[in-house]
Amino acid sequence: MGGEASTPSPPPPKKEFDKEWRKTCWGKLERDAMVAALRNFELSDPDVGQLRCLLHGPVGAGKSSFINSVNNVFQGRSTHIALVAAASGTSFTMKYKTHYFQGRKGEKRLPFAFNDVMGLETQTNGLHPDDIINALKGHLPEGYEFNPLHPLSDQKEEYIQNPSLSDKTHCLVSIVTADTISRMNKDVIDKMKHIRAEASKLQIPQVVVMTMPDKACELVNRDVKRIYYSKAIKEKMQICSNELGVPMNCILPVKNYHEEGMMDDDMDILILNAMTQIMNFANDYIWDLQQHA
């Protein structure tokens, strides 16, 4: 006796799109061209010296690793200019520090600099949001030691009362991780949104650098060039856009150097794409200030 034919189960949903949803040029020639363009980047105001980018985000998001990864690309080797802690629940960065980037031998420093700050945590732990706002406005001195309970006040001697354009932030870079964005703590999200709102009042451009895409998607873990085919990565970026209110085209996924002993052109290209957008936004901000001076 024959039973009814069983209905075949539907095929599993595809994990990737048929086409790249964000066009990217891969290859060593493209990588080298972007490195050269950033080395020779012309500032709207040469007196600024370096475009200052302020990195902030939750503890463990990869702020210091991103700084090191950018430096790796320009030095062509593994570097450690920003100290990185192994996974832990508390911030490793305790002082306000400017990270400059070395040019080639005999050349001046590269035309951008990063400020790394203490990580954001829940409630009264971690960096006080008012100190990020102080940094945006250029009031924090180099080496300032963060106090989670008491941000720097304008009554303190070390407070920079009349910051120059070079002291101020020219682009706010939020660092989040692709694998944890959907379960980020509401306190941290609220702090980030508050900081973004203050940056917007100051007309400071903002981007999100999304780290650890390889932990959020097996396709990317196997081949970083599949990042813009990945449905999982696009979904994580959409969650990030919804949570933080950042447009999708300002969310820039990168894979930081972490375990790799050798340099990788494809990883470099994602980092360089992010840096190119950050530099252009920061330079546009400087240009706009000049027009309204």
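**Strand 4 and its surroundings**

Q: Is strand 4 (residues 171–177) mostly covered or exposed, and how many of its seven residues are buried?
A: Let's start with the ground rules: this is a predicted model, where local features need pLDDT of at least 70, side-chain atom pairs count only at pLDDT 80 or more, and totals for chains, interfaces and linings use all residues. Residues are numbered from 1 along each chain as its sequence is written, and side-chain values use heavy atoms, leaving out hydrogens and water. Buried means under 20% relative accessible area and exposed over 50%, with partly exposed in between (1.4 Å probe, protein chains only). Strand 4, a DSSP run (E, at least two residues; helices are H or I, at least four; both numbered from the N terminus), is mostly covered, and the number of its residues that are buried is seven.

Q: Which residue in strand 5 is the bridge partner of Ile-175?
A: Strands pair if DSSP finds at least two bridges between them. Six bridges join strand 4 to strand 5 (residues 206–211), and the two run parallel. The partner of Ile-175 there is Val-209.

Q: Which residue of strand 4 does Leu-55 stand opposite?
A: On to strand 1 (residues 51–56), which runs parallel to strand 4 and is joined to it by four bridges. Leu-55 stands opposite Val-173.

Q: How are helix 3 and helix 4 oriented to each other?
A: Helix 3 (residues 129–137) and helix 4 pack at about 25 degrees, their axes 10 Å apart. Axes are lines fitted to C-alpha atoms, for helices over the stretch in contact, and angles run from 0 to 180 degrees between N-to-C directions. Angles under 35 degrees count as roughly parallel, over 145 as roughly antiparallel, 65 to 115 as roughly perpendicular and the rest as oblique. The two helices are therefore roughly parallel.
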